[in-house]
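Please open the model in your viewer and keep the selection panel to hand. The tour below moves from one selection to the next and says what is to be found at each stop.

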Amino acid sequence: MTKKNYSWILGLLWGCFIIYFIVVFQQSNFWGNLLSPIAALGAYMILQYVYKKVKDFRTSWLMAALACLSWALVDLLWGIYNLGFGINPEDLTLFMYLYLLPNLFIALAFGIFLIKQQKKWNLYQLILDVIATASASASVIWILFFRDQFQLLVALDLETIATFLYILTDFFAISAIFLVYISKRTNNLSSTLRLTILGTLVYTGADLHYIYQSFNDLYIPNSIIDAIYMAGLFILASGGLLEIYKPTVASSMIKSSLPENAGSAKKVRLLLFVPLFLAYMKGFNAAEMLFLIGIVIVHQALSGYVQGAIQKEYMLKQEKEMNSLLEQGIKERTQELLKANQDLDILAKQDYLTGLFNRRYFLKKLDAMIVERSSPETVALFFMDLDRFKIVNDSYGHDVGDKTLIEIANRLKGWKSPAMLLARLGGDEFVITMKGEYDKQDIEEIAEEIIKLCHIPMTIDTYQLQVTISIGISLYPIDASDRNTLMKYADIAMYHAKGQDHQQYAFFNTYLSNKVQRKHELELLLKKADYHQEFELYYQPQFSIPQGELIGIEALLRWKSKEKGMISPGEFIPIAEEIGSIVKIGEWVMEKAIAQIAEWNKQYDLNLKMGINISPRQLNSLNFMHMFDSFIQAYDIKPEWLDIEITENSAMNNESTMEEMFTALANRGASISIDDFGTGYSSLSYIKRFDVNRLKIAKPLIDNISSNHSDRQIVKAIVMLAKAMAIKTIAEGVEYQDQLDQLINLGCDEVQGFFYSRPLPAKELEKIYLSVNEANKIVQVNS
């Protein structure tokens, strides 16, 4: 019900009462007989609506509605007799019994309410309260009405019986109200209940006053007493309206909570006002006073005992409930721990992404497999890695990359035999191990099946992908005597297979073992190498063609180890990249090369360029440009004298970093060359995007330029591409005259190679190309 409707109906109800009150105040018999049934009928309609809408105590609301209805009907009948037939209804005993109906319905309403409420009350305390209340009520009835007029009870005529029933129903209703009031010890009375109690008290008060007037022949129809009756009914209707507008929130009883009638019985002490009331009304009677006071004292004493029992029962129930909750909590916690242990067990041995076994569990099972191996059996380990998987992540995103790994895992899971143990070590690395009597052919067939299985095209989201896989194989006890070595050798074999070509497998063997040993030795030697004593720069001249003019020099690093002697750059540079030493080595090379070109150009008044190879790790170093600037300033050279050489693959793999670095170098005036061009992506996009000055055509293309038509056409295309973009070209590794002739015919700008000169120490190059000839002299080379 909305506030507007509530206010409107309530205003209409009490507006009707005011009109009726004015009528009875003026003692208008006609209008009183006419308005009284209408007003009572209005109260009935409201309470009937309440009965249909509410969920709780519907029967009590129905009894209240019937009380109003019966009042309206009896009033209507009174008016018909009085106004229609001219008969005074006061002379008819029938009306005394008819007006008893509202009393009965109101008494029933509270009686039913008590019955439903008793579930929330302690039974023993309720019995005590009922006895005390009933005793006090009976005493009051006796003293007020029958003690001095006992002959009325003996007469037992119809009028006396009706009067007795009036008194009985009134005091039953009052006693019920008192019981509800004193039993609500732990909860406050709701607003609806307060109005209902008030309405009932007003009605019963009016009824008791009517009995008093009736005894003394003072009652006048349609007088103020009738208005008070009507006020009681209207207050009941107002309580019903309030219940619809603001429903009472029912308090749910918790098993271990205290009953509503638990607690102090101070409210029962209101019974002490009964003796005072009786003394005022009938005079002081010591026996009666002592009796009534005794009722209160006995009630208080017995209530104290009952309340103690209630508290003990409550504490016992609370303790049981706490124990039950504790047991339930322990049970739930135990289940949670069991579930957590199961989850931990799964996590301990399962890869979170693919659902395969993880590294930890795999190593544990591999150890067990090695221990359980019988003499003729072999433990074969397949170490697998997806080729160029980083490109999948970078190009399509990590979600697609993860789904690709899941697809590969599912394929391997569906393919493997029960004797195989499959796991994901991490990233794009998978392993399979198996124990049994296998020869090399059996293992090769398994490796080939895995490669074919993984090579089948797959659809991930909207992308069609085809991945390849490289496999390294090691055998226990043939290759290794323990698990760690077995894993390491399989990993080495896998990288060897990846280096040969994609989609390959390789067995670990003596060659790989020696290679690993050699690599390990070089790692140690590099870490403790004395750069100034062991490293030396060799210089290879670069010439323009067809003029044959010296235009630049490339600095090439050589390492003469104290223990191993001369070591090829192709061998130690990748190791230096891997262990991180390349940054310091590159810094040493750059400083030496800059110092040398500064010396030569100043001494011989030249403008030669010094080509310096820069590794990707150097370019990724935060202080690269700072180091570059500091060397230029320290040796007082022009940045134009320097040519920074970057491999094609490095430029493509770090495009964002390269763009920033190339721009910074170009802004300083240094030139940039793309080394080994033609063996990688050879992409037009990054050449256009970066500030590139020169393309160095890779030696493999120059080697076959005279004999291989395809290589010659590739070189031709590179030269044409460079010229179209105003970029110079230089051919590396020119060793023969026919190669030079082909390059001249194709329009290549510059060359370097053994045909002109192999890399030379600084003093030797200076003696041959700088000291003997004048600066900028054209060097004629005889064919």
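Helices and strands are here DSSP runs, numbered from the N terminus, with at least four residues for a helix and at least two for a strand. With that in mind, and remembering that this is a predicted model, begin by selecting Pro546, which lies in the loop between strand S8 (535-544) and strand S9 (549-561). The peptide bond that joins Ile545 and Pro546 is cis, with omega about 10 degrees.

Next select Tyr476 and Pro477, where the connecting peptide bond is also cis, omega being near 5 degrees. Pro477 belongs to the loop between S6 and helix H17 (483-500). As background to these stops and to two that come later, most peptide bonds are trans, and most residues other than glycine have a negative phi.

From Pro477, step back into strand S6 and show the sheet around it, an open sheet of five strands with mixed pairing, in the order S2-S3-S1-S6-S7. At its edges are strand S2 (420-426) and strand S7 (505-507), each of which pairs on one side only. Neighbouring strands of this sheet are turned against each other by 20 degrees on average, with direction ignored. Now add helix H16 (residues 440-455), which packs on the sheet and touches S1, S2, strand S3 (429-436), S6 and S7, while its direction makes about 155 degrees with that of S6.

Within the sheet, select strand S1 (residues 378-386) together with strand S6 (residues 469-476): the two run antiparallel and are joined by eight bridges. To look at a single position, pick Leu381, whose bridge partner in S6 is Ser474.

Two loop residues come next. Asp461, in the loop between strand S4 (458-460) and strand S5 (463-465), has a positive phi near 55 degrees although it is not glycine, and its relative accessible area of 44% makes it partly exposed. Asp605, which sits in the loop between helix H21 (582-604) and strand S11 (609-613), likewise has a positive phi, about 55 degrees, but Asp605 counts as exposed, at 64% relative accessibility.

Finally, turn to the surface and select Ile18, Phe21, Ile22, Phe25, Ile224 and Ile228, which form a nonpolar patch with about 540 Å² of accessible area together. Helix H1 (3-25) and helix H10 (224-245) are the elements that give two or more residues to this patch, and the largest share, four residues, comes from H1. Ile224, in helix H10, counts as partly exposed because its relative accessibility is 34%.

Methods. Residues are numbered from 1 along each chain as its sequence is written. This is a predicted model: local features need pLDDT of at least 70, side-chain atom pairs count only at pLDDT 80 or more; totals for chains, interfaces and linings use all residues. Side-chain values use heavy atoms; hydrogens and water are left out. Two strands pair if DSSP finds at least two bridges between them. Axes are lines fitted to C-alpha atoms, for helices over the stretch in contact, and angles run from 0 to 180 degrees between N-to-C directions. Contact means heavy atoms within 4.5 Å. Patches are made of residues with over 30% relative accessible area and no salt bridge: like charges are joined within 9 Å, nonpolar side chains (Val, Leu, Ile, Met, Phe, Trp, Tyr) within 5 Å. Accessible areas come from the Shrake-Rupley method with a 1.4 Å probe; for residues, only the protein chains shown count as cover. A salt bridge is a side-chain nitrogen of Lys or Arg within 4 Å of a carboxyl oxygen of Asp or Glu. Buried means under 20% relative accessible area, exposed over 50%, partly exposed in between (1.4 Å probe, protein chains only).
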